[in-house]
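Work through the exercises below with the model open. Try each task before reading its solution.

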Amino acid sequence: MTGDDATPAASKGFGVLVASEPSPQEVQIQELQPRLVYERDARLEERFVFIVLAVMLLDIVFFTVMPTFGGPIALLILQLLVLIPMAKRMGMEEIARILGRVLDRMVTKGNEND
């Protein structure tokens with residue numbers, strides 16, 4: 001048993017680990033990974049849609065109660081400031097861009113009126 005005998009066995013063992021066929025469990029994990037990603041994305045989208053619907057229902061209540069026009073506009077701007085980062089965090093980049101454009105238009109229209 002010399003050091004030379006141990007080196008080829010160790011490298012051979014490592015080669016067997018690298019070149020071995022994936023186990024059935026590893027194959028199943030690889031097949032299920034895309035499904036898991038899809039499910040996560042779907043759940044985040046559902047949560048975001050639920051939050052937006054809840055905000056819309058609250059808007060209906062608040063808009064009927066507020067007597068002036070400035071209150072609903074201020075509330076909409078605050079809601080957009082919350083919904084834009086939430087959309088980005090939930091992976092809804094397109095929605096975040098759309099909401100950002102809406103916020104920009106509201107701000108520019110507000111500046112034009114001044």
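**Exercise 1. Exposure of I60**

Classify I60 as buried or exposed, and find its separation from P72.

Solution.
- Step 1. The model is a predicted one. Locate I60 in it: the residue belongs to helix α2.
- Step 2. Take the relative accessibility of I60, which is 53%.
- Step 3. The cut-off for exposed is over 50%. I60 therefore counts as exposed.
- Step 4. Turn to P72. I60 and P72 are 12 residues apart in sequence. In space, C-alpha to C-alpha, they are 9.9 Å apart.

**Exercise 2. Two further residues of the helix**

Decide whether V55 and D59 are buried or exposed.

Solution.
- Step 1. Helix α2 is the place of V55. D59 is in helix α2 too.
- Step 2. The test for buried is under 20% relative accessible area.
- Step 3. V55 has 19%, so V55 is buried.
- Step 4. D59 has a relative accessibility of 8%, so D59 counts as buried.
- Step 5. Add the spatial partners. V55 and L76 lie 21 residues apart along the chain, with 9.9 Å between their C-alpha atoms. D59 and Q79 lie 20 residues apart along the chain, and their C-alpha atoms are separated by 9.7 Å.
- Step 6. Set this against the whole protein: 14% of its 114 residues count as buried.

**Exercise 3. Surface patches**

Which residues form the negative, positive and nonpolar surface patches?

Solution.
- Step 1. Begin with the negative patch. E39, D41, E45 and E46 form it.
- Step 2. Place one of these residues: E45 sits in helix α2, residues 24-65. Its relative accessible area is 41%, so E45 is partly exposed.
- Step 3. Check E45 against the patch rule. Members need over 30% relative accessible area, and E45 has 41%.
- Step 4. Go to the positive patch. It is formed by R97, R101, R105 and K109. R101 is placed in helix α4, residues 93-113.
- Step 5. Finish with the nonpolar patch. L58, V61, F62, F63 and V65 form it on the surface. Together they have about 450 Å² of accessible area.
- Step 6. Inspect L58, a residue of helix α2. With 46% relative accessibility, L58 counts as partly exposed.

**Exercise 4. Fold and confidence**

How many helices and strands are there, and where is confidence lowest and highest?

Solution.
- Step 1. Count the elements. The protein has four helices and zero strands.
- Step 2. Write them in order from the N terminus: α-α-α-α.
- Step 3. Read the overall confidence. The mean pLDDT is 82. Of the residues, 81% reach 70 or more.
- Step 4. Find the extremes. Confidence is lowest in helix α1, residues 3-19, with a mean of 57. It is highest in α2, at 91.
- Step 5. Apply the rule of reading. Predicted coordinates should not be read in detail where pLDDT is low.

How values were computed:
Residues are numbered from 1 along each chain as its sequence is written. This is a predicted model: local features need pLDDT of at least 70, side-chain atom pairs count only at pLDDT 80 or more; totals for chains, interfaces and linings use all residues. Side-chain values use heavy atoms; hydrogens and water are left out. Patches are made of residues with over 30% relative accessible area and no salt bridge: like charges are joined within 9 Å, nonpolar side chains (Val, Leu, Ile, Met, Phe, Trp, Tyr) within 5 Å. Accessible areas come from the Shrake-Rupley method with a 1.4 Å probe; for residues, only the protein chains shown count as cover. A salt bridge is a side-chain nitrogen of Lys or Arg within 4 Å of a carboxyl oxygen of Asp or Glu. Lys and Arg count as positive and Asp and Glu as negative; His and the chain ends are not counted. The place of a charge is taken as NZ of Lys, CZ of Arg, CG of Asp or CD of Glu. Helices (H or I, at least four residues) and strands (E, at least two) are DSSP runs, numbered from the N terminus. Buried means under 20% relative accessible area, exposed over 50%, partly exposed in between (1.4 Å probe, protein chains only). pLDDT is the predictor's confidence in each residue, from 0 to 100.
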